[in-house]
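This report looks at how a ligand is held by its protein and then turns to one of the pockets.

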Amino acid sequence: MGKIVILTGAGISAESGLGTFRDAGGLWAQHSIEDVATPEGFARNPALVHGFYNARRQQAAAAQPNSAHRALARLQSDCSGEVVIVTQNVDALHEAGGARDVLHMHGTLAGALCAACGHRWPAPDMMEPGELCPRCGGASARPDVVWFGEMPYYMDRIMDHLAGADIFAAIGTSGQVYPAAGFVQEANAVNAHTVEMNLDRSYIASAFDETRLGPATQIVVDWVAEQLGVTRA
Ligand code: APR
């Protein structure tokens with residue numbers, strides 16, 4: 001089995017009870033992206049932004065991984081080839097489901113970052129304005145989440161993985177946010193087999209060789225069983 005590179009989005013955590021962004025009633029229907037997911041919004045009203053992420057941190061901490069998270073972890077452990085999981089999600093459900101070395105390209109709710117010195121530390125359950133950086137003492141603590149207009153993390157490593165992919169699978173993402181939405185083109189450029197697994201066709205569905213529609217807890221579990229050559233119980 002060759003190298004499998006997987007990109008996940010909010011849809012893989014939907015059945016664990018965590019809201020997606022762009023589905024009906026999603027997070028961006030409830031909150032203004034400019035206010036809670038940009039550096040400018042944080043500078044304008046840090047209390048509002050901390051409140052947004054504190055609520056998501058609490059929800060994520062109470063959520064359990066679902067069978068799709070666990071299936072990807074099983075693929076990583078049982079597959080003969082290398083399996084790399086890149087996620088846009090800031091929850092830790094991949095890790096809770098047993099996955100390893102997950103590349104959180106949009107950061108994590110579990111992390112805190114000092115905007116002044118770049119120091120990172122485990123975020124407390126509730127962050128508030130004026131939190132001091134443990135290293136430099138500056139009152140510049142923020143959630144270690146990548147906001148719009150900021151560079152996602154691990155891009156060099158992700159591009160290297162895509163350059164060597166034999167299979168690229170996108171799961172639970174609407175394909176509306178770059179650079180993640182462009183990963184399928186990188187995979188196509190090296191003739192990887194590309195498959196999209198989603199509840200509905202995404203904005204970039206036409207770029208994939210294969211599309212599987214349905215809830216992740218069904219279609220991802222089936223797909224992993226096929227990759228491992230096992231029939232589902
Ligand atoms: N199973 C599979 N797919 C699902 C499920 C499910 N149970 N429920 C929803 N989906 C799909 C939706 O059809 C949609 O295409 O998941 C996708 C979620 O899309 P978005 O809400 O746009 O989330 P995502 O693609 O992860 O957003 C990317 O945008 O706002 C930024 O930083 C944020 O990381 C996020 C990025």
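A residue counts as near the ligand if one of its heavy atoms lies within 4 Å of it. In this predicted model, 23 residues surround the ligand, and the closest are Phe21, Arg22, Trp28, Thr173 and Ser174. Sorted by class, this shell holds 9 nonpolar, 10 polar and 4 charged residues.

Polar contacts to oxygen atoms of the ligand include those in the table.

| Residue | Protein atom | Distance to a ligand oxygen atom |
|---|---|---|
| Ala10 | polar backbone atom | 2.8 Å |
| Gly172 | backbone N or O atom | 3.3 Å |
| Thr173 | side-chain N or O atom | 2.7 Å |

On its own the ligand has 730 Å² of accessible area, and the protein covers 94% of this. Thr173 thus appears twice in the description, being among the closest residues of the shell and also placing a side-chain N or O atom 2.7 Å from an oxygen atom of the ligand.

The second largest pocket has a volume of about 250 Å³, and of the 14 residues that line it, Ala60, Ala61, Ala92, Leu109 and Ala110 are the closest to its centre. Helix 5 (46-62) and strand 4 (107-114) are the elements that give two or more residues to this lining, with helix 5 giving the most, namely 4 residues. By class, the lining of the second largest pocket comprises 8 nonpolar, 3 polar and 3 charged residues. Because domain 1 (1-18 + 65-106 + 152-233) and domain 2 (26-62 + 109-145) both give residues to the lining, the second largest pocket lies between them.

Definitions and conventions: Residues are numbered from 1 along each chain as its sequence is written. This is a predicted model: local features need pLDDT of at least 70, side-chain atom pairs count only at pLDDT 80 or more; totals for chains, interfaces and linings use all residues. Side-chain values use heavy atoms; hydrogens and water are left out. A polar contact is a pair of N or O atoms within 3.5 Å; within protein, one must be able to donate a hydrogen and the other to accept it, and residues adjacent in sequence count only if both atoms are side-chain atoms. Accessible areas come from the Shrake-Rupley method with a 1.4 Å probe; for residues, only the protein chains shown count as cover. Ala, Val, Leu, Ile, Met, Phe, Trp, Tyr, Cys and Pro count as nonpolar, Asp, Glu, Lys and Arg as charged, and the others, Gly among them, as polar. On a 1 Å grid over the protein atoms alone, a cavity is a set of points where a 1.4 Å probe fits but cannot get out, and a pocket is an open set with protein on both sides within 12 Å along at least five of seven lines; lining residues have an atom within 4 Å of a point. Grid points are joined across faces, edges and corners, and a volume is the space filled by probe spheres set on the points. Domain bounds come from an automatic or database domain assignment.
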